[in-house]
Amino acid sequence: MSRPIVATDGIAAPLRFPVFRRIWLASLLSNLGLMIQSVGAAWAMTQMTASADRVALVQTALMLPIMLIAMPAGAVADMYDRRLVSLASLAVSLLGASALTLLDWSGAVTPNLLLAFCFVIGSGMALFGPAWQSSVGEQVPPEVLPSAVALNGISYNIARSFGPAIGGIVVATAGAVAAFAANAVLYIPLLVVLFLWRRNTEASRLPRERLSRAIVSGVRYIANSPSIRIVLMRTLITGICGGSVSALMPLVARDLLHGGAQTYGIMLGAFGMGAVIGALNIGSVRKYLGGEASIRACALVMGVAIAGIAVSRDPVLTAAALVVAGSVWMMAIALFNIGVQLSAPRWVAGRSLAAFQAAIAGGIAIGSWGWGFLTDMFGVEFALLASGAAMFASPLLGLWLKMPPIGVRDEDAGMLDDPEVQLHLTGRSGPLVVEIEYRIDQERARAFHGVMQDVQLSRQRNGAYGWSIARDIADPELWTERYHCPTWLDFLRQRNRSTQSERALYQRAADYHLGPDPIRVRRMLERPFGSVRWKDETPDRVAGDVLPAATPAGSSG
């Protein structure tokens, strides 16, 4: 179905698409419930124990599942219908929130049970995140994807602005059990909207990967993608340094400001309001500053803001510092998110976003535990000052891990014709060995070799292993690229995962080839000792066993 043509320069442009608008509004309610739940859980823990690390572990319990199951969740999002995955994951969180409500209502909740059910709710949201975020590209066209990503951040932070304040009022008037019940009820609109969404799907002509293979494929893609790898490293460090704000906020409200649940909710609301302000200005930041300059500025400002939170004893000054901290925190996280979304092709989008979620959640979880431990030893003020100093120093990472420029999404290049096949193959036939022979002018050999280093990363992230490039010692113009794929199906997947920029890269390599003969490509079935076990009278496989059916070859690997 064709999409309407809309202006793409405004933050509200994605809301003109009905599916995105409905899901966005429902997710706003779901995020609001999660914020109310977080306030209830954190305050309930402060009433059950005076231990600062137990209070901080509430945040860890909610965030740690994202780190632990992010990659399997991303693989599931890429393998199955993302709408169904989202529905199933929300059902898990709904069951967890409902069970916690019943237990608290009956007076059976203990600190350990509270942490356990926070972990269950966090696990459902960890499974939901990659499926939801990677489906955004199906709800809006590529030109408004950055605005859609920013709007999703705004949704969360509108909830973060008002949810904690509402949560504080709910907890103060009706207790934590009402906060847990509100969270359960507010999952329902998003479940309904996703159930009614009729997602357009394109059936793949290749069988679905097994879960273990899909996870390996995702890890391999990220490991061979320098831009995504750098973004994830910077995200992890930012999460560790900035995790103190949300983790220690109950203690800031109780110990530094001498307030109650309402003060805690208002402080978190100030942070969320700042995040909304930051999200609304992401377009301007992307327009006037590069990725590295933006992240450095955000880290420096947030370091100062966290220090301000540490030394302030006035709720107004603390709230002002939290507005500033929330604004630059949201800008940094959104820029990281956009960088990952625009760098990952659709076939691995869920796994790449899962890795991003694991990086930020893992950073916050590690930071929450670390800053809580430091608080037990030296107090809230010292821990926040240490966190602010770490955040202020984090831009030094840019000397070694410079943020890549944020451009437009690299779209899939489309399916290639299958190579010519005379040997009868099944999907599990393998390993496949591919050899590509180039004839290169010796004066251009160094430049060609430089291009082939980029080709190596491209082949490997799409599924190849054992890549090499060799030069013939008797014929110096002859170069041979060689790589393996585990099976015939893995080769077909690797061959068709290339993006438009990768196809252009292969063409750059091919342009170095000297004519008049074309580049020679050999695709061979490797037969190690012991792999051929049939008897002399066993017939060869029939042609129908070849998967998929062979068609005339294209010229690329």
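This report walks through the fold, the aromatic pairs and the salt bridges of the chain above.

Keep in mind that the model is predicted. The chain has 557 residues, and 54% of them count as buried. Its secondary structure adds up to 20 helices and four strands. Looking at contacts with a separation of 6 or more, 86% are between residues 24 or more positions apart. The accessible surface is about 24,000 Å², with carbon and sulfur atoms supplying 63% of it.

Now the rings. Searching the whole structure turns up eight aromatic pairs. One of them joins Y221 and W347 edge-to-face, with 5.5 Å between the centres and 90° between the planes. Y221 belongs to helix α9 (residues 211-223), while W347 sits in the loop between α15 (315-343) and α16 (349-378), so this pair ties together parts 126 residues apart in sequence. Y221 is buried at 4% relative accessibility, and W347 is buried too, at 15%. W347 has another partner: the charged end of R497 sits over its ring, 4.0 Å from the centre.

A second pair, W369 with F373, is stacked: 5.7 Å centre to centre and 15° between the planes. Both residues are in helix α16, four residues apart, or about one turn of the helix. F373 is partly exposed, with a relative accessible area of 43%. Elsewhere, ring pairs link Y438, F448, W479 and Y512 into a cluster, and R459 lies over the face of Y506, 4.4 Å from the ring centre.

On to the charges. Side chains of opposite charge can pair when their charged atoms come close. The structure holds 17 salt bridges, and the table shows some of them, with the N to O distance.

| Salt bridge | Distance |
|---|---|
| R351 – D78 | 2.7 Å |
| E138 – R82 | 2.9 Å |
| E292 – R296 | 2.8 Å |

R351 is in helix α16 and D78 in helix α2 (residues 52-79), so their bridge ties together parts 273 residues apart in sequence. R351 and D78 are both buried.

The E138 bridge runs from helix α5 (residues 136-139) to R82 in helix α3 (residues 82-105), so it joins parts 56 residues apart in sequence. Here E138 is partly exposed at 22% relative accessible area, whereas R82 is buried at 8%.

E292 and R296 stay within helix α14 (residues 291-311), four residues or about one helical turn apart. E292 is buried at 7%, while R296 is partly exposed at 31%.

Finally, which residues does the salt-bridge network link? They are D78, R82, E138, E209, R351 and R497. R497 is also the residue whose charged end sits over the ring of W347.

Definitions and conventions. Residues numbered from 1 in each chain as written. Predicted model: local features only at pLDDT ≥ 70, side-chain atom pairs only at ≥ 80, totals over all residues. Heavy atoms only, no water. Phe/Tyr/Trp six-rings, centres within 6.5 Å; stacked < 30°, edge-to-face > 60°. Helix = DSSP H or I, 4+ residues; strand = E, 2+ residues; numbered from the N terminus. Buried < 20%, exposed > 50% of the residue type's maximum accessible area, 1.4 Å probe, protein only. Lys NZ or Arg CZ within 6 Å of the ring centre and 35° of its normal. Contact = heavy atoms within 4.5 Å. Areas by Shrake-Rupley, 256 points an atom, 1.4 Å probe, with all protein chains shown as cover. Salt bridge = Lys/Arg side-chain N within 4 Å of Asp/Glu carboxyl O.
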